Amino acid sequence: MIHELLFNLWNNPGNTVVTDDSDWRHLFELPQFLHPGEESLLQLIMQIGMDYHRITTFTNQVLYPNSSEQAEGHNGVSAQSGFYLKAFCNGVQEVLEDYRKEIISLEGRFLDYPQLSLTYILGSINKYKVLFSELKSMIYRIRLENLQGCLLMSGLHKYTICGIDQIKTAADRVIKSVNVVFYQHLRNWIIYGDLLDPFNEFFICDGQVSDENFLYPEQLALSSLPVSSKRKIRNPPPVRKFYINWDLVPSFISEDSAESILFMGRIVWIIRNQPKNDEYAADLQTKFRKDIWEGKDREYCYKIQALCEKSFNAINFRMVIEECRTKLTKTLWSIMLKEGNLVQHLHLIREYFALGRGELFQQFLAVADANLKDIEQDSLMAHLNTLFHDTARKIYGENDKNYLRFELSSSATELLKTRLWHSLQLNFQIEWPLHIFFHPEVMIFYNRFFCFLLRLKKTQINLFNLWSNHTFSKQKISSGVWALRHNLMFLVNNLQYYMQVNVVETHFSILLKAVKRAGEFEDIIKIHHEFVTNLLVKSFVLEPEESQNSTIKHRLYQLPALQHNVPSKVYNVIIKLLELCDEFCATASTWNAELTEPELQELRSLEKRAEIAIETLLLVLYTLHKKVSGGHLLQLLFHLDFNRYFSKNKADLNLSAAFNMY
């Protein structure tokens with residue numbers, strides 16, 4: 001009976017499927033004279049043996065599914081179990097090896113001493129009772145919750161802190177086996193930008209499509225756009241969509257670490273997939289890929305792989321991840337500055353989106369006014385782009401062809417000539433890898449700023465043309481018309497000066513200095529976002545975001561802290577003032593020297609509206625300054641009401657306190 005007992009402790013006779021309610025008595029014949037106490041001992045021994053068989057049944061179904069009678073698995077175990085579950089089972093089999101050695105040892109002792117008692121056998125294997133119970137608990141949870149992939153790591157992690165040395169040691173051995181798979185996935189992703197994950201077990205997922213955050217509307221739905229709004233300049237290369245499956249992130253890996261891991265792999269993928277313009281260059285790229293790690297990729301591989309030798313240590317893990325991240329982000333920063341010509345792109349942003357090339361836009365607006373009057377709506381944008389490029393060619397000749405990287409479009413669904421300057425935008429041909437820096441959402445912000453400055457410039461030109469007509473006219477101009485035009489020009493000129501000097505030039509200078517001091521990709525993202533935020537907030541085009549939803553900084557796709565469609569009160573007043581200026585220019589240009597009574601009434605109405613608009617603008621600036629203490633508000637207030645130009649004759653417009661503080 002002892003030999004038969006040891007055989008059943010080692011082997012599951014006939015590969016019988018063992019369940020929790022299986023009866024152990026059928027495994028061998030019990031002598032009729034067996035004492036009830038011995039039967040109890042035998043039952044305790046067989047319970048341990050059956051626990052062992054239940055565990056090995058599960059592991060065999062996972063590791064050798066084809067040999068099982070049920071190809072689809074048993075009790076929720078799929079034939080396609082994945083690498084992590086197989087690694088878990090390999091680890092469990094390794095833990096069970098001590099039990100097998102114990103049974104072999106008992107068999108040897110029984111051959112030497114046939115009088116071996118049941119008590120001795122129970123005493124030898126009873127130490128595995130708690131261990132098997134915990135292993136069954138792990139398996140039960142895997143079956144119940146269908147744990148796969150990285151989720152297994154979360155389920156196993158708690159067993160390393162149970163306080164029982166035997167359980168902790170076993171858990172460490174199982175986790176070490178699972179760690180091999182996890183850190184192979186991690187290494188391939190971070191070092192090479194590859195996801196070798198056929199069972200979708202890793203928490204980084206490949207979307208198998210282009211990331212919509214880096215696609216322009218023309219790339220998302222090219223066929224649905226009107227012909228006049230399609231881009232003729234080359235679109236930036238697509239960025240592959242990778243994302244985090246938060247349900248698979250192990251509980252002991254922080255959100256920041258998970259975001260950092262996603263961020264690093266995406267950087268490597270982008271650098272390794274640099275687009276080439278011809279087949280020869282593409283062949284060279286395949287043969288000689290860019291050395292992202294400067295020959296130290298094996299060193300970083302070993303550092304990541306070394307983490308799997310022990311149980312998870314949060315400090316060591318973060319240190320290795322941060323070391324890899326620092327290396328990658330510095331590499332990307334260097335590529336952006338040297339190969340991507342980031343500084344040159346920033347200068348082009350200033351010169352075109354911020355109207356730094358005033359002579360170009362001054363001439364372009366004048367030419368457009370003279371040539372678009374008889375153009376049909378359908379061909380308006382094509383003619384506008386032709387005029388824009390022709391104007392630039394005449395000004396800059398062959399020495400500077402950067403204007404060819406820009407194309408005009410309109411955000412309006414129905415383009416009306418009267419609203420053309422309210423919706424005009426610039427498309428900018430951005431070179432790799434700066435397409436991840438100047439992504440579509442950021443360019444939307446730049447276009448909001450461009451549209452506002454162009455609108456302001458157009459109004460300034462309209463007032464200047466009216467002044468020119470009045471100055472060189474042989475007719476005497478009404479003093480009321482002259483005074484109103486002078487006040488509006490004074491206001492618009494100072495508003496224009498504030499935008500170009502206090503907003504654009506000041507913050508662009510700060511941006512360039514900060515970019516040159518930066519050492520990492522995340523640094524220049526932060527610096528650039530602060531620049532964009534300052535442009536839009538201090539020009540009053542948009543309101544700042546009051547609170548950030550996320551503090552995670554290791555993200556490839558990030559947005560400046562701006563509210564998309566929330567212009568400030570100052571912006572709304574300025575737009576109404578510009579509309580009033582345009583209305584005045586259009587009306588006054590038709591007046592003769594002697595105004596008729598209806599024209600005088602219209603002039604008085606315009607004067608009254610201008611007075612209200614100017615007073616409203618000054619009061620809004622002053623009121624907001626007292627609430628938010630914005631220095632830029634006082635700067636604009638100082639420019640607009642220079643030497644008390646508007647407020648000195650207004651007793652109820654007391655801005656003295658503001659000017660004393662300025």
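Of the 662 residues of the protein, 50% count as buried, where buried means under 20% relative accessible area, exposed over 50% and partly exposed in between, with a 1.4 Å probe and protein chains only. This is a predicted model, in which local features need pLDDT of at least 70, side-chain atom pairs count only at pLDDT 80 or more, and totals for chains, interfaces and linings use all residues. Residues are numbered from 1 along each chain as its sequence is written, and side-chain values use heavy atoms, with hydrogens and water left out.

**Exercise 1. Overall make-up**

Task: State how many helices and strands the protein has, and what share of its exposed area carbon and sulfur atoms supply.

Solution.
- Step 1. The secondary structure comes to 23 helices and four strands. Helices (H or I, at least four residues) and strands (E, at least two) are DSSP runs, numbered from the N terminus.
- Step 2. The protein exposes about 32400 Å², and carbon and sulfur atoms supply 51% of it. Accessible areas come from the Shrake-Rupley method with a 1.4 Å probe; for residues, only the protein chains shown count as cover.
- Step 3. Among contacts with a separation of 6 or more, 76% come from residues 24 or more positions apart. Contact means heavy atoms within 4.5 Å.

**Exercise 2. Strand β3**

Task: Work out which residues of β3 point one way and which the other, and which strand is joined to β3.

Solution.
- Step 1. In a regular strand the side chains alternate between the two faces of the sheet.
- Step 2. From β3, Phe406, Leu408 and Ser410 point one way, Glu407 and Ser409 point the other way, and all are buried.
- Step 3. Because five of the five residues of β3 (residues 406–410) are buried, the strand is largely enclosed by the rest of the structure.
- Step 4. β3 and strand β4 (residues 424–428) run antiparallel and are joined by five bridges; two strands pair if DSSP finds at least two bridges between them.
- Step 5. Opposite Ser409 stands Gln425 in β4.

**Exercise 3. Helix α19**

Task: Compare the reach of α19 with the expected span, and decide whether the helix is largely enclosed or not.

Solution.
- Step 1. The expected span of a helix is 1.5 Å times one less than its number of residues.
- Step 2. Helix α19 (residues 521–538) has 18 residues and reaches 26 Å from its first C-alpha to its last, close to the 26 Å expected.
- Step 3. Of the 18 residues of α19, 13 are buried, so the helix is largely enclosed by the rest of the structure.
- Step 4. Phe540, with a positive phi near 70°, follows α19.

**Exercise 4. Aromatic rings**

Task: Describe the geometry of the pair Tyr52 and Phe132 and of the pair Trp293 and Tyr300.

Solution.
- Step 1. The structure holds 31 aromatic pairs. Rings of Phe, Tyr and Trp (its six-membered ring) pair if their centres lie within 6.5 Å; planes under 30 degrees apart count as stacked, over 60 as edge-to-face and the rest as tilted.
- Step 2. Tyr52 and Phe132 form a tilted pair, 6.2 Å centre to centre with 35° between the planes. This pair links distant parts of the chain, with Tyr52 in helix α2 (residues 36–63) and Phe132 in helix α5 (residues 129–145), 80 residues apart.
- Step 3. Tyr52 counts as buried because its relative accessibility is 5%; Phe132 counts as buried because its value is 1%.
- Step 4. Trp293 and Tyr300 form another tilted pair, 4.8 Å centre to centre with 45° between the planes. Trp293 has 1% relative accessibility and so counts as buried; Tyr300, with a relative accessible area of 8%, is buried.
- Step 5. Lys303 lies over the face of Tyr300, at 5.3 Å from the ring centre. A charge sits over a ring if NZ of Lys or CZ of Arg is within 6 Å of the ring centre and within 35 degrees of the ring normal.

**Exercise 5. Unusual backbone**

Task: Find which peptide bond is cis, and state where Asn341 and Leu355 are placed.

Solution.
- Step 1. Most residues other than glycine have a negative phi, and most peptide bonds are trans.
- Step 2. The bond joining Trp432 and Pro433 is cis, with omega about 0°. Pro433 is in the loop between β4 and α17 (440–472).
- Step 3. Asn341 has a positive phi, near 55°, and is in the loop between α12 (314–338) and α13 (342–353). At 35% relative accessibility, Asn341 counts as partly exposed.
- Step 4. Leu355 has a positive phi of about 60° and is in the loop between α13 and α14 (358–371). With a relative accessible area of 5%, Leu355 is buried.
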